[in-house]
Amino acid sequence: MPEEDLIELKFRLYDGSDIGPFRYSPASTIAMLKERIVAEWPKDKKIAPKAANDVKLICAGKILENSRSVGQCKTPFGELPNGIITMHAVVQPSIAKAKSEKKIDETPKKSICSCSIL
């Protein structure tokens, strides 16, 4: 693939620091980007993803779907010569994991009714 066909991306973290920039083929999927982000995540950060599914990528105000390609997500701003596209990487643990960690109140519930039937 010619060098000029590659898309250059960097990933902005919650504290304003960046991962990258890296060059990707337009056919690369968002899921592939997330795998790279997890592998490259700085070890000194308090908040860190444990898996690719813990990362949400946002570009141009939209959360990107794993199955989409980088080429499909490219915005008109990416057409600038030698432009680097910045995507925001947000750590958000999966919903199933968060639900299983919630404490469940096991105490029986009592109904109190002050109704009277005449």
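1. Phe-22 is buried in this predicted model, with a relative accessible area of 15%. As the cut-off for burial is 20% relative accessible area, a value of 15% falls on the buried side. The face of the Phe-22 ring is covered by Arg-36, which lies at 3.6 Å from the ring centre. Phe-22 should therefore be read together with this arginine and with the aromatic residues of the next point.

2. The structure holds two aromatic pairs. One of them is formed by Phe-11 and Tyr-24, in an edge-to-face arrangement with 6.4 Å from centre to centre and 70° between the planes. This pair links distant parts of the chain, since Phe-11 belongs to strand β1 (residues 7-12) and Tyr-24 to strand β2 (residues 18-24), 13 residues apart. Phe-22 and Tyr-24 are also paired: their ring centres are 6.5 Å apart and their planes stand at 75°, so this pair is edge-to-face. The angle exceeds the 60 degrees above which a pair counts as edge-to-face. Phe-11, Phe-22 and Tyr-24 thus make up one aromatic cluster.

3. Are the residues Phe-11 and Tyr-24 buried or exposed? Both Phe-11 and Tyr-24 are buried. For Tyr-24 the relative accessibility is 8%, so this residue counts as buried.

4. Strand β1 merits separate comment. Five of the six residues of β1 are buried, so the strand is largely enclosed by the rest of the structure. With β2, strand β1 runs antiparallel and is joined by five bridges. With β5, strand β1 pairs in the parallel sense over four bridges. Arg-12 has a bridge partner in each of these strands: Asp-18 in β2 and His-88 in β5.

5. The connection between β1 and β2 is a hairpin with five residues between the strands, and Gly-16 in this hairpin takes a positive phi near 90°. A further backbone feature concerns Pro-21, which lies in strand β2. Gly-20 and Pro-21 are joined by a cis peptide bond, with omega about 15°. A reviewer may wish to inspect both places in the structure.

6. The largest nonpolar core has 21 residues, and those that touch the most other members are Leu-9, Phe-11, Leu-33, Ile-37, Leu-57, Met-87 and Ala-89. At least two residues of this core are supplied by each of β1, β2, α1 (30-40), β3 (55-59), α2 (70-73) and β5 (85-91). Helix α1 gives the largest share, four residues. Phe-11 thus appears both in this core and in the aromatic cluster with Phe-22 and Tyr-24.

7. Which residues does Ala-89 touch, when residues up to four places away in sequence are not counted? The contacts of Ala-89 are Phe-11, Arg-12, Leu-13, Tyr-14, Ile-37, Trp-41, Val-55, Lys-56 and Leu-57. Among them, Phe-11, Ile-37 and Leu-57 are named with Ala-89 as core residues that touch the most other members.

8. Ile-30 is placed in helix α1 and is buried, with a relative accessible area of 0%. Neighbours within four places in sequence aside, Ile-30 is in contact with Leu-57, Leu-64, Glu-65, Asn-66, Arg-68 and Cys-73. Ile-30 and Glu-65 are 35 residues apart along the chain, yet a separation of 6.6 Å is found between their C-alpha atoms.

9. Ser-69 lies in the loop between β4 and α2. At 15% relative accessibility, Ser-69 counts as buried. The side chain of Ser-69 reaches the backbone oxygen of Pro-26 at 3.5 Å. With residues up to four places away in sequence left out, Ser-69 touches Pro-26, Ala-27, Ser-28 and Thr-29.

10. Ala-60 provides a contrast in accessibility. Located in the loop between β3 and β4 (62-63), Ala-60 is exposed, with a relative accessible area of 57%. Exposure is assigned over 50%, so the value of 57% qualifies. Phi of Ala-60 is near 55°, a positive value in a residue other than glycine. The positive phi in the hairpin of β1 and β2, by comparison, belongs to Gly-16.

Key
Residues are numbered from 1 along each chain as its sequence is written. This is a predicted model: local features need pLDDT of at least 70, side-chain atom pairs count only at pLDDT 80 or more; totals for chains, interfaces and linings use all residues. Side-chain values use heavy atoms; hydrogens and water are left out. Rings of Phe, Tyr and Trp (its six-membered ring) pair if their centres lie within 6.5 Å; planes under 30 degrees apart count as stacked, over 60 as edge-to-face and the rest as tilted. Buried means under 20% relative accessible area, exposed over 50%, partly exposed in between (1.4 Å probe, protein chains only). A charge sits over a ring if NZ of Lys or CZ of Arg is within 6 Å of the ring centre and within 35 degrees of the ring normal. A nonpolar core is a set of buried Ala, Val, Leu, Ile, Met, Phe, Trp, Tyr and Cys residues joined through side-chain atoms within 4.5 Å. Contact means heavy atoms within 4.5 Å. Two strands pair if DSSP finds at least two bridges between them. A polar contact is a pair of N or O atoms within 3.5 Å; within protein, one must be able to donate a hydrogen and the other to accept it, and residues adjacent in sequence count only if both atoms are side-chain atoms.
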